Amino acid sequence: MAEQNLFEEVKRHLCSCSADLQITPNLEAVMKLPMRELHVSIPVRMDDGSLRAFSGFRVQYNDALGPTKGGIRFHPDETIDTIRGLAAIMTWKCALHNLPLGGAKGGVICNPKKMSQGEIERLSRAYIQAISHFIGPDRDIPAPDVYTDSSVMAWMMDEYSRIFRKTTFGVITGKPLSLGGSEGREDATARGGWFIVREAVKDLGIILEGARVAVQGFGNVGSHAARIGQGEYSVQVVAVSDSSGGVYAKDGLDIRALLDHKEKTGSVRDFSGARNITNEELIGLDVDILIPAALENVITLDNASQVRARLIAEFANGPVSGDADALLHARGIPILPDILCNGGGVIVSYLEMVQNFNLDHWEGEEVNRRLEKKMVDAYKVVHDLASRNHVPMRQAAYTIAVGRVVKAMKYRGWV
Ligand code: NAD
């Protein structure tokens, strides 16, 4: 993963709004620490009969606004500071989108690409056994993130339900549709991101139809971002990439065919009619919109000067480092920040919770209508503040989000 420390980056963003919000140094120190974190060792029986101990974490950053919420990652390079940074991002994201939720994140250091389905299932269940007393439908509600999906969520929900001897759909979101999942959750992050891009391009004078787009990452968020962009907004997706590298086609890639190719071969590379490129080349392509949708800290001081996009939309969490952020701002390249742009995932997760609490199941149109309203409302308040104060969108988004959390902490009498 990244050499930069995501947690330090996120703390710097927090400091950027302290003056505007008149946050004292002591309060800032409080806001820079997670409220609670759990470190667990997870023993798992592997297929060859050996026993392996995996390390896992769950960080509950701040629950002033409500029960904490945030995904679970399975990644070989996972670190506690990345999880702390992501838990902080979740806190500000939920606040910005006016959800009655705090922020959390979980992770396990493992390489699911080198594990069988049985091993992944046993790891998923063992992780829940280790953290079951720490989470719950009105305490902390996990969701999918990098290298975890709806099957993993189903095993985790089942394990929690076995431990507490009652089916508890509300303990986790991103579940399969037939098991308390919500319509629209699968592509919610990408769909929500496009609502933000759609609003932003109107203000920036970029025409979406035919706009040239590059997407880094071709997992849940990236593949849906490419598909929705091409299918619903008529953009030209000229490049995409995954962990093995990328592909480029001057006149646009056929995303449906590329999805089939990835399904068959396991990577986007060597796609007919396209040229193989590196992830580094993708960042520097001459495009209208660059969508990082893979991991954090992929645009840093090392490559920010090569960016030629007219707009960066952060569909991933923390893809632009703090230094790169300042440099891109100085170069006049606007950035739609992660806490604004990729909030669609947690918004529809929240809608999934509401349906679970009511044992209800809404139509897809109903879910997407609510998602669109929340995204557009958040865009408007962030854009208005950024324009009024002449500050970057990220600073405006942090000012709104952190201000709401501080207000809740004050009402509760914590500070
Ligand atoms: P995923 O596991 O489904 O996909 C990750 C993708 O990134 C894969 O295509 C992988 O090959 C690619 N990748 C990994 N390392 C890479 C590298 N070095 N260079 C280029 N590509 C690389 O994960 P996801 O759920 O799509 O999450 C992607 C990002 O979006 C993460 O930052 C995540 O935190 C964020 N996010 C996800 C959701 C969600 O609902 N899943 C919600 C909000 C934010």
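**Exercise 1. Charges.** How many positive and negative side chains does the protein have, and how far apart do the centres of the two sets lie?

*Solution.* Lys and Arg count as positive and Asp and Glu as negative, while His and the chain ends are not counted. Each charge is placed at NZ of Lys, CZ of Arg, CG of Asp or CD of Glu. The protein then has 47 positive and 51 negative side chains, with the centres of the two sets 4 Å apart.

This is a predicted model, in which local features need pLDDT of at least 70 and side-chain atom pairs count only at pLDDT 80 or more, whereas totals for chains, interfaces and linings use all residues. Residues are numbered from 1 along each chain as its sequence is written, and side-chain values use heavy atoms, with hydrogens and water left out.

**Exercise 2. Overall form.** Why does the radius of gyration agree with a compact globule?

*Solution.* The radius is taken over C-alpha atoms, and the globule rule is 2.2 Å times the number of residues to the power 0.38. Because the protein has 415 residues, the rule gives a value near 22 Å, and the protein's 20 Å agrees with this. Along the principal axes, the C-alpha atoms fill a box of roughly 55 × 55 × 40 Å.

**Exercise 3. Cysteines.** Why is C17 not bonded to C15?

*Solution.* A disulfide is a pair of cysteine sulfur atoms within 2.5 Å, and by this rule the count is zero. The closest cysteine sulfur to that of C17 belongs to C15, and it is 8.3 Å away, so the distance is too far for a bond. C94 is in no disulfide either, since the nearest cysteine sulfur, in C341, is 16 Å away.
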